[in-house]
Amino acid sequence: MSATTGELLDLEVLSEYGNECKDDANYRNHECDMNYDGSSSGMETAAARHIFKRSVQLNNLKYIHLISDGDSSLYSALLTRNPYVPQHIIQKYDCINHFLQRLSNGLNKIRKEKKLDGVGRLTEKKCLQLAGYFRNSIFSVVAGIQHDTLSEEDIMKLVSEMKSNALAGIFHETKFDDKFLQHKYCPH
């Protein structure tokens, strides 16, 4: 998808079987939709490889960014078989919504395994709320980082601020006898 126009630049549809193939009588007498032979988990990687491989020929462009759902196998596969080598490195960015979903799922997994749920404890709602604190801390600094004129020192300050904001949410929601510790990272 074009970052400037929002236009769909390319699309790859893969299928492990064709609808006509279900009926054995029609197996040899049809135009099959099947165009992929592999595991279901490898399908996304195969489609991305096809799209990246033909991008120069089809659209006269090279993709420089991959916005991912966090699947590291896709990015690794693109680096291993990078169609633009040696002139070009593809940068990976994780979608914040997928990151937060994985964070929330991870917190819920810990909650269930450690039996931490219950009134006044780590509930499913509290896991979503903690993930929300992370979301807010990330978005609070993203606007500042998007400026090309920032120095590395400025960026490190913003990242430190993001970390403090995330910790503020966690500490604020944790019950401590020492109220200073509970509010240690809260903005003053």
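## Aromatic pairs

Two rings of Phe, Tyr or Trp make a pair if their centres lie within 6.5 Å. This is a predicted model, and a search of the whole structure turns up two such pairs.

Take Phe52 and Tyr63 to start. Their ring centres sit 5.0 Å apart with the planes at 50°, so this pair is tilted. The partners come from distant parts of the chain: Phe52 is in helix H1, while Tyr63 is in the loop between H1 and E1, 11 residues away. Phe52 has 6% relative accessibility and counts as buried. Tyr63 is buried too, at 13% relative accessible area.

## Phe52 again, and the cluster

Phe52 also pairs with Tyr84, and here again the rings are tilted, with 6.2 Å from centre to centre and 40° between the planes. Phe52 lies in helix H1 and Tyr84 in the loop between helix H2 (72-80) and strand E2 (91-94), so this pair ties together parts that are 32 residues apart in sequence. Like Phe52, Tyr84 is buried.

Put the pairs together and you get a cluster of Phe52, Tyr63 and Tyr84, linked by ring pairs.

## The largest pocket

Now for the open space. The largest pocket holds about 880 Å³. It is lined by 25 residues, and the closest to its centre are Met1, Tyr63, His65, Leu66 and Ile67. So what about Tyr63? That residue turns up both here and in the aromatic cluster.

Helix H1 (43-59) and strand E1 (65-68) each supply at least two lining residues. H1 gives the largest share, with five residues. By class, the lining has 16 nonpolar, four polar and five charged residues.

Terms used: Residues numbered from 1 in each chain as written. Predicted model: local features only at pLDDT ≥ 70, side-chain atom pairs only at ≥ 80, totals over all residues. Heavy atoms only, no water. 1 Å grid on protein atoms, 1.4 Å probe; cavity = no way out; pocket = protein on both sides within 12 Å on 5 of 7 lines; lining within 4 Å. Points joined across faces, edges and corners; volume = space filled by probe spheres on them. Helix = DSSP H or I, 4+ residues; strand = E, 2+ residues; numbered from the N terminus. Nonpolar A, V, L, I, M, F, W, Y, C, P; charged D, E, K, R; others polar. Phe/Tyr/Trp six-rings, centres within 6.5 Å; stacked < 30°, edge-to-face > 60°. Buried < 20%, exposed > 50% of the residue type's maximum accessible area, 1.4 Å probe, protein only.
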